[in-house]
Amino acid sequence: MTITSPHLGSPSSAWTDARLLYALEEVVETELNRHLKVAKDWMPHEYVPWSDARNFPGIFEDGEAWDKEQSKVTELGRIALVVNLLTEDNLPSYHHEIASLFGRDGAWGTWVHRWTAEEGRHGIVMRDYLLASRAVDPDKLEAFRMQHMAEGFESDNRHSMLHSVAYVAFQELATRVSHRNTGHQSGDPVCDRMLARIATDENLHMVFYRNLLKAAFDLAPDLTMQAVRDVIVNFRMPGHGMPGFERAAAQMAIGEVYNMRIHHDDVLQPVLRHLKVMDMGDLGPEGLQAQEELGMFMGGLDAEASKFDVKLAARKARMAARAAG
């Protein structure tokens, strides 16, 4: 795609957020139109096992208290589902963040609202599934939601639209991978189908932002390389502030829903390879330094992931030995 902008070829110092927003507007419109052609509307209620639902205690005299034995979902699946849903619950804050950065007008605004509407479906269907199938304690789930949302959310990248674009290019893929692996580990085919549907949306969101990031590299390669380096080195999932996140993340890592190896191999590397980030030339001194630092970080992450792989394999062997004995 040819990007026409009065700022094309400007030195890095000339690129402000406002100029980048203007220069990328044409790309956003193209990507928005492509997204609307390939995205499929779907009905959240069609993925929920309503026939399994029954009343909880409260205003209903026949209400039945929750017990984890009532659900088909595995313990790992339950943990991951709560993390994934609480992440989706913060949608109002996410909308505020990207609407403030990208604006509410033109193609940018249309995308912001469309993205928000699609993400809203994810929270709807996940909560309905969890309650209808009795996969989680509804009282604890609501308490966690209130605590998480009451604390608010501020993006690590709110200072820069370029950093924000780089972040979501990776984060949307991370979310897709987490949903898919949660489905595989859930123990319930209904849950697996639901999360596969959500993951399809997340993949389309990733493609939108990845293509936008490519256009940013064409416009301002040095600044974009620095943004990608910063985002990857300091990457955190948006739900990191939720109650009990560290423990849940550790359990998800051991259960191979999301861990360092998955983050390196299935999230960071695919985007970096697709954009040929480590092979880019025509960079200035700052861009080259960022590229070198990114390469060193990725090498270190791969080494740390290998150590984790060894520990995980040893743990599996111990558990297998116990089961056999």
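Me: A crossing is left-handed if the near helix is turned anticlockwise from the far one by less than a right angle, and right-handed if clockwise. Of which hand is the crossing in which H7 passes H10?

Reply: You are looking at a predicted model: local features need a pLDDT (the predictor's confidence in each residue, from 0 to 100) of at least 70, side-chain atom pairs count only at pLDDT 80 or more, and totals for chains, interfaces and linings use all residues. Residues are numbered from 1 along each chain as its sequence is written, and side-chain values use heavy atoms, with hydrogens and water left out. Helices (DSSP runs of H or I with at least four residues, where strands are E with at least two, numbered from the N terminus) give H7 and H10 their names, and the crossing of H7 past H10 is right-handed.

Me: How is H7 oriented to H10?

Reply: Helix H7 spans residues 189-219 and packs against H10 at about 45 degrees, with the axes 10 Å apart. Axes are lines fitted to C-alpha atoms, for helices over the stretch in contact, and angles run from 0 to 180 degrees between N-to-C directions. Angles under 35 degrees count as roughly parallel, over 145 as roughly antiparallel, 65 to 115 as roughly perpendicular and the rest as oblique. The angle of about 45 degrees therefore makes the arrangement of H7 and H10 oblique.

Me: Which residues of H10 make the contact with H7?

Reply: Contact here means heavy atoms within 4.5 Å. On the H7 side, Arg210, Leu213, Lys214 and Phe217 take part, and their partners on H10 are Val271, His274 and Leu275.

Me: Moving to H2 and H5, how do these two helices lie to each other?

Reply: H2 runs over residues 75-89 and H5 over residues 138-150. Their axes come within 10 Å and cross at roughly 45 degrees. That angle is why H2 is described, relative to H5, as oblique.

Me: How many residues of the contact of H2 with H5 are charged?

Reply: H2 contributes Val82, Leu85, Leu86 and Asp89, while H5 contributes Leu141, Phe144, Arg145, His148 and Met149. Ala, Val, Leu, Ile, Met, Phe, Trp, Tyr, Cys and Pro count as nonpolar, Asp, Glu, Lys and Arg as charged, and the others, Gly among them, as polar. By class, this contact has six nonpolar residues and one polar, and the charged ones number two.

Me: Is Asp89 buried or exposed?

Reply: Asp89 sits in helix H2 and, leaving aside neighbours within four places in sequence, is in contact with Arg127, Arg145 and Met149. Buried means under 20% relative accessible area, exposed over 50%, partly exposed in between (1.4 Å probe, protein chains only). The relative accessible area of Asp89 is 11%, so this residue is buried.

Me: What is the hand of the crossing of H1 and H4?

Reply: H1 (residues 17-38) and H4 (residues 106-132) have axes that come within 8 Å and cross at roughly 45 degrees. The two are therefore oblique to each other. Leu21, Leu24 and His35 are among the H1 residues that meet H4, where Trp108, Trp111 and Arg114 are among the partners. The crossing of H1 and H4 is left-handed.

Me: How far apart are the C-alpha atoms of Val165 and Tyr94?

Reply: Val165 belongs to helix H6, residues 161-185, and is buried at a relative accessible area of 2%. Not counting residues up to four places away in sequence, Val165 touches Phe102, Tyr209, Leu212 and Leu213. Val165 and Tyr94 are 71 residues apart along the chain, and the separation of their C-alpha atoms is 13 Å.

Me: Which residue in the loop between H10 and helix H11 has a positive phi although it is not a glycine?

Reply: Most residues other than glycine have a negative phi, and most peptide bonds are trans. Glu256, in the loop between helix H9 and H10, has a positive phi near 60 degrees and is partly exposed at 33%. In the loop between H10 and H11, a phi of about 55 degrees and an exposed state at 81% relative accessible area belong to Asp282.

Me: Which helix has the highest mean pLDDT among the elements of the chain?

Reply: The chain averages a pLDDT of 90, and 96% of the residues score at least 70. Over residues 1-10 the pLDDT stays under 50. Among the elements, helix H3 has the lowest mean at 81, and the highest, 97, belongs to helix H10.
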